[in-house]
Amino acid sequence: MISLDAVAFRYEDMAMLFDATFPAASFTAVIGPSGSGKSTLLNLIAGFEAPLSGAITINGADVTALPPDQRPISMIFQDNNVFAHLDLAQNVALGLSPSLKPGHEQERRVAAALGEVGLSALAHRKPGEVSGGERQRVAIARALVRDRPVLLLDEPFAALGPALRRDMLDLVKAMQQARQMTVIMVTHQPEDARHAATHTAYLEAGRILALRPTADLLAATDLPGLSDYLGDTR
């Protein structure tokens, strides 16, 4: 479970204040207009930004003052953070051993993670030799080997076509369910929430206005901004 208690932050002229509890072992999509604070929310949970006040707890532990590497979190970004000079297995191994000198057990975990995302046959290829979807699978495999209970995703599949995006969502959803991870994913695509998320949060102007089961949130009529955001496509 992830809780934000009156977490305040300011970016330029926008004051943000986040109050929410993300249920344990849930998959939450975060939607809202551009500039509403979605990426900032993830960065605060991950520790890449420091709140002005308030508290962030993960599974009952206060992590507000902890640096990112000491939080029980993995994060995947849109650009997938793969290194062109390393093969796919080495890129995954970075999740365990920044020195690129993994031991036997770490090599086993890397191989298992590559197998889980369907990349075993490509383990020794360079990122430039595989597709964009396969590079995103590398980022997912790196999160797998880290084996953290929380996974944050900041629009990781935005550059992919609809069919491939659904494949990636299915992969993350299967991983989340198998490992009972708590997943929070920022997306600009409400259909991503419908397809994969158990819960959805709606942000507007630096506030979480609602966090509900996905079907309930996307059908809500008490959030005027949500209707404008969705364009009455419901």
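**Hairpin.** I started with the turn joining β4 and β5 in this predicted model. The hairpin leaves 2 residues between its strands, and Asn 59 there takes a positive phi near 50 degrees. I then checked how the two strands run: β4 and β5 (residues 61–62) are antiparallel, with 2 bridges between them. For a specific contact I looked up Thr 57, and its bridge partner in β5 is Asp 62.

**The other partner of β4.** Next I asked myself which sense β1 and β4 pair in. They go antiparallel, over 5 bridges, with β1 covering residues 2–11 and β4 covering residues 53–58. I picked out Ile 2 here, which sits opposite Ile 58 in β4. So that I don't forget when looking at side chains: in a regular strand they alternate between the two faces of the sheet.

**Pocket.** Then I went looking for open space. The largest pocket comes out at about 410 Å³. How many residues line it? I get 18, and the ones nearest the centre are Ser 74, Met 75, Phe 77, Arg 142 and Arg 146.

I wanted to know which elements build that lining. β6 (73–77) and α4 (132–146) each put in at least two residues. The largest share belongs to β6, with 5 residues.

Last, the chemistry of the lining of this largest pocket: I sorted its residues into 11 nonpolar, 4 polar and 3 charged. Noted for the file: two arginines, Arg 142 and Arg 146, are among the residues nearest the pocket centre.

Notes:
Residues numbered from 1 in each chain as written. Predicted model: local features only at pLDDT ≥ 70, side-chain atom pairs only at ≥ 80, totals over all residues. Heavy atoms only, no water. 1 Å grid on protein atoms, 1.4 Å probe; cavity = no way out; pocket = protein on both sides within 12 Å on 5 of 7 lines; lining within 4 Å. Points joined across faces, edges and corners; volume = space filled by probe spheres on them. Helix = DSSP H or I, 4+ residues; strand = E, 2+ residues; numbered from the N terminus. Nonpolar A, V, L, I, M, F, W, Y, C, P; charged D, E, K, R; others polar. Pairing = 2+ DSSP bridges.
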